[in-house]
Amino acid sequence: MNFEFLGDNFMSLTVTGLTQGAIYALVALGYTLVYGVLRLINFAHSEVFMIGTFVTTIVWAGLGFGVGASAPGTFGVLGLIALAVVAAGAASGGTALIVERVAYRPLRKRNAPSLIFLISAIGASVALFELVGAITDRQPRGMPSLVQPKVQFTIFGADVTNLQIGIILSALAMLAGLDIFINRTRLGRGVRAVAQNPDVAALMGVNKDRVIMLIFVLGGMMAGAASVLYDVKVGITTYSVGFLIGIKAFTAAVLGGIGNLRGALLGGLLLGVVENYGAGVFGNEWMDVVAFVMLVVVLLFRPTGLLGESLGRARA
Amino acid sequence: MSERNNLLEVDNVTIRFGGVTALDGVDFSVKEGEILGLIGPNGAGKTTCFNAVTGVVKPTSGAIRFRGKTLVGQQRHKITRLGIARTFQNIRLFPEMTALENVQVGADARHKTSVVGALFRTWRVPVKPHELVEVDAKSGFGRAVQQVRRTGQRIFGLSRHTLEERAAKEKATELLKLVGIEHRAGELARSLAYGEQRRLEIARALATEPGLLCLDEPAAGFNPAEKESLLELIRKIRDTGVTVLLIEHDMRLVMGVTDRIVVLEFGKKIAEGTPAEVRENPAVIAAYLGVPTDAA
């Protein structure tokens, strides 16, 4: 154990953790939105994210920025990223919508028990995973490193790069936008109404199917945006990339209180930071052990997660 | 009384759950502008009848028509949009939303802008002077932002979505005033008092702009004073042009407010008529008291 290392690098571990956690949080939103409304864990969400990472590389390669290409100027890079967010958002949102249509809606029409939904979710996940695996020959796909990390400023001895600032700020902005959407707008009101009481919402004129489509698309779009940030940060992707990110994001959602948007943010950031501290103390190979031990410990004391469920039905 | 049009027709409706017949060939109609009472002992099928009208359960046989349109097999949110709204015997609000938001959900049923239109605010409407953003912020930055928004609204107009949102909020506030709980508008529904929750349900139902309002035991658990003010509210609602179908246990309340009454027992209609007629009907008295009427 190396507490000295943790002490010396506390701030830089924090910054790295926050960056990683911001991506977890964005993906976690997809789990939390769907769970909040349908009480369903959409295990296929990790593949929704994975498809976004590939669409990003395809768009960039199509514009002449394949592996090894040199990055254009600042505005060029921002343009490429914006374009990728639109494309990956559309692809991931569309994938999520297809999963809903094919894997969940038919079951809902038949009032299937929740175990069946779970199996269907796992089936959809494996199908997408293997589909992309087959298409890509299970080879990883590279991309140019568009953003060269450059230290912008230093706080308490930790270097903060432009890349880290960009990832954290854009994740926060998207989360804030979604939070306002759910809490302040008509469509968000419909989402909350269905989450709190689907039958009554229908009797008050809310189109339940449309609300469900909306949350799948929103969650998918957030995962798409997260996939672009991931690509910019990591620079390589493969068909199995969704698995660990998906599990971590799901963990983040549960940690913060699944069904709770702000909980997803808190859970994501906390998970990112704690696993980095853990890696600092015990070594990198212990990172995931620390992350999941923390989950178990938190759930022992707060079974509903740190912030509890809020989108969902009220507890009696 | 002049002959009015039938708003709702329940035509020979039978509903069976497994071996139990909850409604057995029930026939009645609700006329435009009246208050119709639906009464009967416990288990007579009153709530089942409501559930059939609002699309919660599907009749085994028979037809239900609203303004001549058949309702059987329609989706629930579509029935609401056709103009039927209801409250519940056991209160069912959206507990984690404010009172105002609960009513707004109902009002949203009348919103015309699509999801895409709402996201991109495509449909613009020229702005009227009093609808412009006020430039009244304290900080210079705030004023600058408001000035930009004001200019933007001058040039591009307001989106129909924005206008509809505002109208919905105004309507919701007005309805809260109508039922007398406007001072609790910002509170979460679950923290309202019992009587306020019942009133909030009525406001939410009215927000969907129904032609027919179905009230399922709205006075349950009320004291006499509260019942009296509820009666007044129901009359007020009728006077705004909404037809009311009322399920109620309390005979006095039903007699006091309804124009006509339909009596159910064991899923069958046993009587129909004005309150005075129904009160004198031997079958009704027997159903409620379980004794012959001319014992004297």
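Here is a short tour of a predicted model, going from chain A as a whole to two cysteines in chain B.

Start by selecting chain A and colouring it by secondary structure. You should find twelve helices and four strands. Now show just the C-alpha trace and turn it along its principal axes: chain A fills a box of roughly 55 × 50 × 35 Å. How does its radius of gyration fit a compact globule? For 316 residues the expected value is near 20 Å, and chain A has 20 Å, so the two agree.

Next, stay on chain A and colour by accessibility. Buried residues account for 55% of its 316 residues. If you draw contacts with a separation of 6 or more, 78% of them join residues 24 or more positions apart. Then switch on the surface of chain A: about 13,400 Å² is exposed, with carbon and sulfur atoms supplying 68% of that area.

Keep the surface up and pick out the charges. Chain A carries 21 positive and 15 negative ones, and the mean positions of the two sets lie 16 Å apart.

Last stop: hop over to chain B and select Cys49(B) and Cys214(B). Why is there no bond from Cys49(B) to its closest cysteine sulfur? That sulfur, in Cys214(B), is 8.9 Å away, which is too far, since a disulfide needs the sulfur atoms within 2.5 Å. Looking back from Cys214(B), the closest cysteine sulfur is that of Cys49(B). Both residues are tucked away: Cys49(B) is buried at a relative accessible area of 3%, and Cys214(B) is buried at 0%. Over all chains, the disulfide count is zero.

Methods: Residues numbered from 1 in each chain as written. Chains lettered and ligands numbered in written order. Predicted model: local features only at pLDDT ≥ 70, side-chain atom pairs only at ≥ 80, totals over all residues. Heavy atoms only, no water. Helix = DSSP H or I, 4+ residues; strand = E, 2+ residues; numbered from the N terminus. Rg over C-alpha atoms; globule rule 2.2 N^0.38 Å. Buried < 20%, exposed > 50% of the residue type's maximum accessible area, 1.4 Å probe, protein only. Contact = heavy atoms within 4.5 Å. Areas by Shrake-Rupley, 256 points an atom, 1.4 Å probe, with all protein chains shown as cover. Lys, Arg positive; Asp, Glu negative; His and termini not counted. Charge placed at Lys NZ, Arg CZ, Asp CG, Glu CD.
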